[in-house]
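Me: I am new to this structure and should be grateful for a close look at a single part of it. Please take one helix and explain how it relates to its surroundings.

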Amino acid sequence: MNYGVDVDYLNEEEVAELLAVSSEVIVKYLYDGELEGVELGEEWRIEVGDLKEFISKLKEDKEEELKFKDQQAIEVDPNWTLDECGHCGELRMMNIELSPFCSVECRDAVDFGVQSL
Ligand SMILES: [Zn+2]
């Protein structure tokens, strides 16, 4: 509802890559309804907003992990969040406290900009 002008979608492979798990794990969460998504043929479409919600739910609710204890469960470091790189805008899981950038290159690009002022 509050997504602004554009809504970004990811497929289950991209979500799996961001969370460093296999796509089978993501599909389990999708079928279980824990992660909202739309199944289109062989692929899923997950809204970035829904993924962010899912990640904060994982951080709050450890029962989610217990449910999947026989499977590979997603563990999210409470300091990590899904956000866009402050330099190139790429969507990544990152520790916003430490560095709001996707890579050292992006961090340096901004750091050097700041230092030269
Ligand atoms: Zn970047």
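Reply: A residue is called buried here if 20 or more other C-beta atoms lie within 10 Å of its own C-beta atom, the latter being placed from the backbone. With that cut-off, the buried residues of helix α3 are L51, F54, I55 and L58. These four cover an arc of only 100 degrees around the axis, which places them on the same side of α3. The model is a predicted one.

The helix itself runs over residues 48–60. Its 13 residues, at 1.5 Å a residue, should span 18 Å, and the C-alpha atoms at its ends are 19 Å apart, so the two values agree.

To place α3 in the whole, one may begin with the overall pattern. The protein comprises 5 helices and 5 strands, and along the sequence these follow the pattern β-α-α-β-β-α-α-β-β-α. Of its 117 residues, 17% count as buried. Among contacts with a separation of 6 or more, 36% join residues that are 24 or more positions apart.

Strand β3 covers residues 43–47, and α3 starts at residue 48. This strand belongs to an open sheet of 3 strands, in the order β1-β3-β2, with antiparallel pairing. The edge strands, each pairing on one side only, are β1 (9–10) and β2 (38–40). Between β2 and β3 there are 3 bridges in the antiparallel sense; V38 has R45 of β3 as its bridge partner.

The next matter is the nonpolar core. In soluble globular proteins, nonpolar side chains tend to be buried together. The largest such core in this protein has 15 residues, and V15, L35, I46 and L51 touch the most other members. Two or more residues each are given to this core by α1 (12–19), α2 (23–32), β3 and α3. The largest share, 4 residues, comes from α3.

One of the core residues named above, L35, shows how α3 meets other parts of the chain. Apart from neighbours within four places in sequence, L35 is in contact with I26, Y29, L30, I46, D50 and F54. Of these partners, F54 is among the buried residues of α3. L51, another buried residue of α3, is likewise among the core members that touch the most others.

In summary, α3 carries its buried residues on the same side and contributes the largest share of the largest nonpolar core.

Technical notes. Residues are numbered from 1 along each chain as its sequence is written. This is a predicted model: local features need pLDDT of at least 70, side-chain atom pairs count only at pLDDT 80 or more; totals for chains, interfaces and linings use all residues. Two strands pair if DSSP finds at least two bridges between them. The expected span of a helix is 1.5 Å times one less than its number of residues. A residue is buried if 20 or more other C-beta atoms lie within 10 Å of its own, exposed if 12 or fewer, and partly exposed in between; C-beta atoms are placed from the backbone. The arc is that of the directions from the helix axis to the C-beta atoms. Two residues are in contact if their C-beta atoms, placed from the backbone, lie within 7 Å. A nonpolar core is a set of buried Ala, Val, Leu, Ile, Met, Phe, Trp, Tyr and Cys residues joined through C-beta atoms within 7 Å.
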